[in-house]
Amino acid sequence: MNTIAELVEFLNKIGQGHLTQNIDKFTEQQQKEFLEQVNKLNTTYPGGLEEYTKRAKVLLKNSADNVNPYEGFTPSVPIGEKVNFSSFEEVAGLESIGREELNHTAFVLVAGGLGERLQYDGIKIGIEFEITTGQTFLNYYLDFIRAFNEKAELAIMTSDDTYTLTMKLLEENNYYGFPKDQITIMKQEKVPAMIDNDAHFTQQPNSLLIETKPHGHGDVHTLLFQHQLPKKWMQQGKKWLVVFQDTNPLVFRALPSVLAISKNKSLEVNSITAPRKPGEAVGAICKLTKGNERLTINVEYNQLGSLLPQEPVDEHGFSVFPGNINSIVFSLQEYDSVLEKTKGLIMEFINPKYADATKTKFKSSSRLECMYQDYPKLLENDNRVGMTQVNRAFCFSTVKNDIKTAGQKFKQNLAPESASSCEQDLYNMNRQILKLIGVNVETSDVSDYEFEDIKLNLSPQIILKPSLGVTLAEIKNHIKNTQVTITRNSTVVFDGETFKNASEKLEIDGQFNVPAQYQSKSKYRTFVAVDGKAAQNLLIRGYDVKRD
Ligand code: UGB
């Protein structure tokens, strides 16, 4: 469209004529910007805005009619391999296979979400997620990926909300030492927001411009296709693709084992799962059967009720349906051919918040969304769709909730998914890893802190840099001849250099290798509550290191 007249005609044709009713009241410049916006929205959405409106109307009708997408399907618990991290031997065998596969793996980070639930003003991958070394999520991910394989490639999906800040974070930190030419930044575009069942688009206040909202992380498949990355990676000899989310540091320790299972079982799709409690904001991986149809898929927590009115639990209170942690390993060759056939277009859904029981008007605007874990719906059969159930302590802890909401979740015996619980879970995992390789670490089951109604077990704080090793065997090999003891009140940072010239015994009681900025003047580091004036990074967890 080149002219305003063409624009008016187009919008009338697709049932969005209301957008131009007052167009004469706006300046020529504003009209031009509107024209440009509609052109952009029309080209970025596959099929254009006409297709978007058409699909929206169908999904809105289904929603108003209470159509249950799982009607007629029977859920059962999918079969999957388990990785319990119960002993060195259990994991080491798998890791030695997975370690080799890491040389043929590409990585994709979905980081287009704003994380509104966290009430953090900034991008989540820029959060300093532990206050022992102060590293950001992005720093941690890049260090791991490089330690997996120097030649590894990473694609990061950003959005209008996160692109500029992601670039700034990377550039200000010199890409954290990661080769720049091995990173591809992709950007997902937003889609129009709608206010009623006729899919009428809403406008920004006092503006002609259409209000737009994120389309969901499912865009990652379309973007990978558009950037032709799976093809490029296959030409480099890569075999696997790991997609992971923005705030879960633990999963990198599970990846070597999970890759081994993908290889051993020739899995086309291998979802990593963790035990989940009914009521948690975590989807459930289910096997759905209807006649000959079979689908192993994530069912979102807000849809589980229609499928499973009463969720069965095990003796520990966990659902028998494992939790989706949005970390998936794909076999690259199959993935590429599926993208060639489907362009990576994932089935969408809509979740309107209705103003009243008539279900005709919305309380706030709604848009079509898609989720990347819906990928198995693109496949002709689910013969090689599987999952790996990993001990939650070694694969899943995210930062999703503001500290007040997190406190309420804690009281309900649910995972808080706060900056504090994620930090605690990282230290806990690292303690367990050291114990598995025979290090003497003093721990306790009793929590040692409580901040913002969340009881935390923060001690000892242990950071294991990937340079120390990305598998249990590598870490063990580094520590080798040194007999290490760590007391409960200690704070420890181990990296690839730590044991180069170490003596036979290393008894740590206090602070070891902690960067000056995070040290305490006292022998032991402790944590103190922060007040409203503290930096945002501290407010979201509720505490800081006591420096004196
Ligand atoms: N993301 C994008 O890149 N673009 C977007 O438009 C939106 C998000 P959330 P969600 O594993 O903890 C999921 O919002 O979607 C990125 C599952 O639905 O943090 O609420 C975003 O940056 C659920 O089944 O999560 O919940 C982030 O990296 C559950 O298991 C990622 O997508 C839960 O994750 C996830 O976005 C979980």
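Guide: In this predicted model, the protein chain has an accessible surface of about 23,600 Å², and 47% of that surface belongs to carbon and sulfur atoms.

Visitor: What percentage of the residues of the protein chain count as buried?

Guide: A residue is called buried when its relative accessible area is under 20%. Among the 548 residues of the protein chain, 55% count as buried.

Visitor: How does the radius of gyration of the protein chain stand against that of a compact globule?

Guide: The globule rule depends on the number of residues. For 548 residues the expected value is near 24 Å, and the protein chain has 25 Å, so the two agree. The C-alpha trace spans about 80 × 55 × 50 Å along its principal axes.

Visitor: How many helices and strands are there in the protein chain?

Guide: The protein chain holds 15 helices and 28 strands. Of its contacts with a separation of 6 or more, 73% join residues 24 or more positions apart.

Visitor: Which residues around the ligand come nearest?

Guide: A residue joins this group if one of its heavy atoms lies within 4 Å of the ligand. There are 23 such residues, and Val110, Gln188, Asp246, Glu300 and Asn324 come nearest. The shell comprises 8 nonpolar, 11 polar and 4 charged residues. Strand E13, residues 323-331, contributes the most, with 3 residues.

Visitor: Where do polar side-chain atoms approach oxygen atoms of the ligand?

Guide: A polar contact requires N or O atoms within 3.5 Å. For Glu300 the distance from a polar side-chain atom to a ligand oxygen is 2.6 Å; for His217 such a distance is 3.1 Å. The side chain of Asn326 also places an N or O atom 3.1 Å from a ligand oxygen. Of the 710 Å² that the ligand exposes when taken alone, the protein buries 88%.

Technical notes: Residues are numbered from 1 along each chain as its sequence is written. This is a predicted model: local features need pLDDT of at least 70, side-chain atom pairs count only at pLDDT 80 or more; totals for chains, interfaces and linings use all residues. Side-chain values use heavy atoms; hydrogens and water are left out. A polar contact is a pair of N or O atoms within 3.5 Å; within protein, one must be able to donate a hydrogen and the other to accept it, and residues adjacent in sequence count only if both atoms are side-chain atoms. Accessible areas come from the Shrake-Rupley method with a 1.4 Å probe; for residues, only the protein chains shown count as cover. Helices (H or I, at least four residues) and strands (E, at least two) are DSSP runs, numbered from the N terminus. Ala, Val, Leu, Ile, Met, Phe, Trp, Tyr, Cys and Pro count as nonpolar, Asp, Glu, Lys and Arg as charged, and the others, Gly among them, as polar. The radius of gyration is taken over C-alpha atoms; the globule rule is 2.2 Å times the number of residues to the power 0.38. Buried means under 20% relative accessible area, exposed over 50%, partly exposed in between (1.4 Å probe, protein chains only). Contact means heavy atoms within 4.5 Å.
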